[in-house]
Every structure is written in C-alpha cells, then in structure tokens.
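This report covers selected strands, a helix, enclosed and open spaces, and the cysteines of one protein model. Please view the structure below alongside the text.

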Amino acid sequence: MFPSLLILGRQPALGLAELERLFGSSAIQPVNGLAALLDRPPDQVPFTRLGGSIKLAKVLTQLDTIHWPELVDYLTATLPEHLNYFPAGKLKFGLSAVGFTVTAARVNASALQIKKIIKQAGRSVRIIPNNEAALNSAQVLRNQLTGELGMELVLVRNGRQTILAQTVQEQDIDAYAARDHGRPHRDAKVGMLPPKLAQIIVNLAQPSPESTLLDPFCGTGVILQEALLMGYAVKGSDIDPRMVDYTRQNLVWLLMNSPLHGGLEVEIGDATKTSWIGFDVIATETYLGRPFSAFPAAEVLQQVMQDVDTIHKKFLQNIAQQTNHDFHMCLAVPAWKTPHGFKHLKTLDNLEELGYTRLKFVHARNEDLIYHREGQVVARELVVLQRK
Ligand SMILES: C[S@@+](CC[C@H](N)C(=O)[O-])C[C@H]1O[C@@H](n2cnc3c(N)ncnc32)[C@H](O)[C@@H]1O
C-alpha cells in the first residue's frame with residue numbers, strides 16, 4: 001500500500017497530471033477520481049508546491065468495506081490505543097468522508113460517537129462539526145487539526161474498499177490569498193491567474209532543480225512569482241511595457257516579503273520575435289485574446305480565434321528556432337466555452353509540423369486539462385509540449 005494520500009482539487013485531472021509529471025506515472029494510483037495514492041512517505045512530498053492537491057494525508061490502513069457503520073465501528077474500536085501518542089491537553093478531532101454518499105449530519109453523528117469513546121479513554125476532546133461530508137481547508141487550518149493535539153481522519157472510498165488516512169498537511173489558503181491579493185498590481189484585463197494554477201503550470205513544465213524558467217507572456221508575473229518561490233531562477237517578458245512594470249513591482253514586493261535566491265530578469269519583448277538567452281524551460285499563460293462576459297456572436301469569436309491563433313503559431317515557430325530536441329514547456333492557452341462544448345486553438349492541430357509533440361498522461365486525459373470556472377467563456381487549456 002502506498003504511504004501517502006493526496007486529496008485533489010476542484011478539477012482532479014489537473015492534480016493528477018501534476019503529480020504524474022512530478023513523480024512519474026507508476027508512483028501514483030488515482031483513487032475514485034478524487035484522490036491519489038503516492039509511493040513515498042508524506043515527509044518526502046513537497047506539498048506546498050502542489051497547486052492541484054488540497055490535502056496530504058498519511059495512509060493508516062485499507063479496510064475491506066465501504067459500509068459506513070462498519071467503518072465507524074472500526075474507528076471506535078481502534079482509536080483509543082492511538083490516543084497515547086498525543087501530548088497532554090485537549091484534543092481536537094475531525095472526520096471527513098470522501099467519495100461516499102453519507103450526509104454531513106451522518107458524519108457528525110459518527111464523530112460524536114467517536115467523541116464518547118475518546119472521553120471514555122480519559123481525554124477531553126472538541127469535535128469539529130462538518131458542514132459537508134468532508135471538512136474544508138479553513139476548518140482544518142483554523143482548528144489546527146494537523147497540529148500536535150489535532151487529528152483529522154479521512155475515509156476515502158476506493159472501489160469496494162476504504163482507505164483510512166490522517167491529514168498531515170492542508171493547502172495554505174491564507175498564504176495563497178496573501179500572494180494573490182497582497183501584491184501591488186493585479187489586472188483584470190489580462191486575467192487573474194490563480195497562484196495554484198500557476199504552480200500547476202510550472203510543475204507541468206518539469207524544470208530540473210537548477211533551471212531558469214522563462215515566461216514570455218508574463219503579464220503581472222504570477223508564474224514568475226510561483227517559480228521563484230519554488231526556488232527557480234526566472235526570466236520574463238511581455239509586449240506591454242505596463243505589464244513589465246507591474247511584474248517588476250510585484251516581484252520586488254515578493255522579494256521584500258520572502259528571502260528568495262533565484263535570479264530574476266524582466267524585459268519588454270514580443271514573444272513572436274524575441275531571442276532570449278539562457279533559459280531551460282518555458283511555463284506561460286499565453287495571450288488569451290479579448291475577455292468575454294457572455295457567449296460572443298460566431299463571427300466575433302471566429303475573428304478573435306484567428307488573431308490569437310496567429311500569435312501562437314508565430315510564437316511556437318520562434319521558440320522552435322531557439323531550442324533543441326527534448327526541450328519542454330507548458331502553455332496555458334485559451335479554449336472558448338460555447339453552448340456546444342469547448343472550441344480549441346487551431347494551432348494545436350499543427351503542433352507536429354511546428355516541431356513539437358504534445359505529451360499525454362497515463363492518469364489524465366488531455367481533454368480534461370482545461371481550467372474553467374462556471375460562467376467563464378475563455379478557459380485555459382494546459383498543453384505540455386516537447387520539442388521534436
Ligand atoms: C493572459 S496574460 C498573462 C497574465 C499573466 N499570467 C499574469 O500573471 O498576469 C497575456 C499577456 O500576454 C501579453 N502579450 C500579448 N501579445 C504578446 C506578444 N506578442 N508578445 C509578448 N506578450 C504578449 C499581454 O500583454 C498580456 O500581459
């Protein structure tokens with residue numbers, strides 16, 4: 001049994017692709033489309049750099065049942081002996097169910113049963129009440145369930161079996177919010193790339209430890225920010241001098257707030273023409289075209305798609321001239337949501353001719369690697385390319 005369990009984010013395919021790229025396809029086993037087992041112990045998982053996982057848990061056991069009362073019986077029978085490992089003081093306990101049809105009320109009732117058992121064992125305990133079948137990140141963090149007096153047990157359905165795991169790290173929603181909202185410049189027009197998605201893009205590009213990462217459409221610099229925090233040296237450019245200015249100011253702010261060592265260069269440049277010196281990998285959210293708040297008329301969309309496509313084609317030609325076989329990059333490119341599904345960038349059909357192979361994943365389908373929120377017209381399709 002693999003020792004770590006990761007609970008995946010809102011779009012699990014993105015998290016699976018990220019894990020596969022970082023650890024290799026045989027190191028992970030998807031669980032129920034919502035989680036993944038990983039072949040290394042939790043203390044060897046670089047959890048804070050994972051944008052696609054929300055929780056890291058230590059696998060305790062796998063049980064041969066998915067019947068909720070039997071699972072609760074198991075917990076009440078086995079928990080008391082584990083209580084000796086906690087230091088003195090009031091415990092905090094939470095229970096989460098993932099992939100089951102149980103209601104929050106049912107989970108709460110089970111947690112109260114467990115509370116009784118803990119009290120009978122002579123320990124005082126506070127139960128964190130569930131609003132949903134699984135506790136959310138804010139509840140886990142605010143109640144310090146990963147702290148020395150805390151415990152969140154997670155039951156994850158895995159086919160006809162159930163994985164029992166204990167949370168050891170939860171995504172740091174406060175740190176993400178501080179990075180996202182605290183930086184001096186944001187710009188709704190170029191789009192707000194969430195730091196978590198920027199982390200996924202960087203991880204999919206698979207930079208090796210000493211790499212310099214280039215973002216040739218850097219906008220306000222979110223990808224550069226996340227890459228710096230992961231310890232890479234970064235280079236960025238953008239055709240718009242205002243954006244270059246924003247990126248510089250945002251990264252100066254970042255460096256004032258965190259001691260980082262990676263080198264950093266930002267310049268004005270047209271990604272279809274610029275020659276960059278000394279970069280190892282590209283991770284970028286490219287030009288997405290005009291933002292739309294409602295489905296545009298077909299002719300309008302066609303025109304936008306054509307304009308955006310030309311920039312992408314020229315950009316890929318430009319990069320092909322500057323890179324060698326095996327060069328890797330991850331691009332977040334636009335895909336347009338229509339009432340009949342997504343429309344994709346045309347250039348994606350001609351990647352081979354342009355000198356690239358689009359990588360495939362064992363555990364995620366490329367068509368699921370589209371980051372999209374309800375109501376958005378312009379989504380981001382994640383494309384991982386290798387130079388032929
Ligand atoms: C979607 S935004 C990237 C936003 C960025 N990820 C961020 O963190 O803010 C795309 C950027 O591409 C830039 N751009 C458009 N055409 C370009 C070109 N030909 N060369 C370089 N940058 C370009 C725009 O100015 C814009 O800042």
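Two strands are taken as paired if DSSP finds at least two bridges between them. Helices (H or I, at least four residues) and strands (E, at least two) are DSSP runs, numbered from the N terminus. The model is predicted: local features need pLDDT of at least 70, side-chain atom pairs count only at pLDDT 80 or more, and totals for chains, interfaces and linings use all residues. Residues are numbered from 1 along each chain as its sequence is written, and side-chain values use heavy atoms, with hydrogens and water left out.

**Strand E13 and its partners**

Strand E13 spans residues 328-338, and 10 of its 11 residues are buried. Buried stands for under 20% relative accessible area, exposed for over 50%, and partly exposed for values in between (1.4 Å probe, protein chains only). The pairings of E13 are listed here.

| Partner of E13 | Bridges | Direction |
|---|---|---|
| E12 (residues 281-285) | 4 bridges | parallel |
| E17 (residues 378-387) | 9 bridges | antiparallel |
| E14 (residues 341-344) | 4 bridges | antiparallel |

Within the E12 pairing, Thr284 is opposite Leu331 of E13. From E12 the chain passes through helix H9 (residues 298-322) to E13, a right-handed β-α-β crossover. Right-handed here means that, with the strands pointing away from the viewer, the path from the first strand over the helix to the second runs clockwise.

On E17, Val378 stands opposite Trp336. On E14, Gly341 is the bridge partner of Thr338. E13 and E14 make a hairpin, with 2 residues between them.

**Cysteines**

A disulfide is a pair of cysteine sulfur atoms within 2.5 Å. The whole structure contains 0 disulfides. Cys218 cannot form one because its closest cysteine sulfur, in Cys330, is 16 Å away, too far for a bond. Cys218 is buried, at 5% relative accessibility, and Cys330 is buried as well, with a relative accessible area of 0%.

**Helix H6**

Helix H6 covers residues 195-205; 10 of its 11 residues are buried, so the helix is largely enclosed by the rest of the structure. Among the buried residues are Pro195, Leu197, Gln199 and Asn203. Gln206 follows H6 and has a positive phi, near 55°.

**Cavity and pocket**

On a 1 Å grid over the protein atoms alone, a cavity is a set of points where a 1.4 Å probe fits but cannot get out, while a pocket is an open set with protein on both sides within 12 Å along at least five of seven lines; lining residues have an atom within 4 Å of a point. Grid points are joined across faces, edges and corners, and a volume is the space filled by probe spheres set on the points.

The count is 1 cavity of 30 Å³ or more. The largest cavity has a volume of about 40 Å³. Its lining consists of Leu83, Phe86, Leu91, Lys92, Phe93, Ile118, Val125 and Met151. Strand E5 (residues 91-98) gives the most to this lining, with 3 residues. By class, the lining of the largest cavity has 7 nonpolar, no polar and 1 charged residues. Ala, Val, Leu, Ile, Met, Phe, Trp, Tyr, Cys and Pro count as nonpolar, Asp, Glu, Lys and Arg as charged, and the others, Gly among them, as polar.

The second largest pocket holds about 440 Å³ of space. It is lined by 21 residues, of which Arg10, Gly51, Lys196, Tyr371 and Arg373 are the closest to its centre. Strand E4 (53-63), helix H5 (173-182) and H6 each give two or more residues to this lining. The largest share, 5 residues, comes from H5.
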